Amino acid sequence: MRLRKVRPGWRAEVPGIVICGRICLDALGARESALDLLGHEILGEKAAALGRAGRRVDETLAKLREHGEDGEHRARLLRDAAEAVHAYFIQRELCGLRKHDAVIREYNIPKAVLARLGAK
């Protein structure tokens, strides 16, 4: 691997060596590119996980609205919906989305579900 000149007449022979208080950045460039690719892949996985969590919220809330009238069955559906919403909120926070007010309105999440968030 060829490295750039740090100062006229000076060459770094070892990647990342410090010469005159400066790091030869050409040796680090390949590593930075790999990290950019890794960061891009991680962002894609976060977005995919957020999408899956959102679909699960949709499914559990739809079941609750359709079949959530009887007592014991309703309790199980409320628990499932609360777990799905809780997981979705956590995934949103991992993506840097801290405020959930708009999501609560968008999904029309019942107060009975919100009251059970985080409860096991």
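This is a tutorial dialogue on how to read several features of a predicted model.

User: Before looking at single residues, which secondary structure elements does the protein have, and in what order do they run from the N terminus?

Analyst: The model is predicted, and its secondary structure comes to four helices and two strands. From the N terminus on, the elements run β-β-α-α-α-α. The protein has 120 residues, of which 26% count as buried, and its accessible surface comes to about 8,600 Å², with 55% of that belonging to carbon and sulfur atoms. As for contacts with a separation of 6 or more, 49% of them are accounted for by residues 24 or more positions apart.

User: How should I read a nonpolar core, and which residues have the most contacts inside the largest one here?

Analyst: The general idea is that in soluble globular proteins nonpolar side chains tend to be buried together. In this model the largest nonpolar core has 17 residues, and those with the most contacts inside it are V57, L61, L64, Y88, Y107, I109 and V113. Helices α1 (26-67), α2 and α3 each supply at least two residues of this core, and the largest share, eight residues, comes from α2. L64 can serve as an example: leaving aside neighbours within four places in sequence, L64 is in contact with R74, L77, L78, A81, P110 and V113.

User: Where does I109 lie, and is I109 buried or exposed?

Analyst: I109 is placed in the loop between α3 and α4, and with a relative accessible area of 7% I109 is buried. Apart from neighbours within four places in sequence, I109 is in contact with L61, R65, V85, F89, V103, I104 and L114. The C-alpha atoms of I109 and D58 are separated by 9.7 Å, although these residues are 51 residues apart along the chain. The adjoining loop residue makes a useful contrast: N108 also lies in the loop between α3 and α4 (111-114), but N108 is exposed, with a relative accessible area of 54%. The phi angle of N108 is near 55 degrees, a positive value in a residue other than glycine.

User: How do I read an aromatic pair, and how many does the model have?

Analyst: One looks at the separation of the ring centres and at the angle between the ring planes, with planes over 60 degrees apart counted as edge-to-face. The count here comes to one aromatic pair. Y88 and Y107 form this pair, which is edge-to-face, with 5.6 Å centre to centre and 80 degrees between the planes. Because Y88 lies in helix α2 (residues 71-94) and Y107 in helix α3 (residues 101-107), the pair ties together parts that are 19 residues apart in sequence. Y88 is buried at a relative accessible area of 8%, and Y107 likewise counts as buried, at 17% relative accessibility.

User: Turning to charged side chains, how many salt bridges are there, and which side chains meet in one?

Analyst: In general, side chains of opposite charge can pair when their charged atoms come close. The count in this model comes to one salt bridge, in which the side chains of D80 and R76 meet at 3.5 Å, N to O. Both D80 and R76 lie in helix α2, four residues apart, which is about one turn of the helix. D80 counts as partly exposed at 23% relative accessibility, and R76 also counts as partly exposed, at 37%.

User: What should I make of R92, and where is the nearest side chain of opposite charge?

Analyst: R92 lies in helix α2 and is buried yet has no salt bridge, since the nearest side chain of opposite charge, E93, is 7.4 Å away, whereas a salt bridge requires the nitrogen and oxygen to be within 4 Å. Not counting residues up to four places away in sequence, R92 touches L50, L97, K99, H100 and V103.

User: H100 is among those contacts; where does H100 lie, and what does H100 touch in turn?

Analyst: H100 lies in the loop between α2 and α3 and is buried, with a relative accessible area of 12%. Leaving aside neighbours within four places in sequence, H100 is in contact with F89, R92 and E93. The C-alpha atoms of H100 and F89 are separated by 7.3 Å, with the two residues eleven residues apart along the chain.

Conventions
Residues numbered from 1 in each chain as written. Predicted model: local features only at pLDDT ≥ 70, side-chain atom pairs only at ≥ 80, totals over all residues. Heavy atoms only, no water. Phe/Tyr/Trp six-rings, centres within 6.5 Å; stacked < 30°, edge-to-face > 60°. Buried < 20%, exposed > 50% of the residue type's maximum accessible area, 1.4 Å probe, protein only. Lys, Arg positive; Asp, Glu negative; His and termini not counted. Contact = heavy atoms within 4.5 Å. Areas by Shrake-Rupley, 256 points an atom, 1.4 Å probe, with all protein chains shown as cover. Core = buried A, V, L, I, M, F, W, Y, C linked by side-chain atoms within 4.5 Å.
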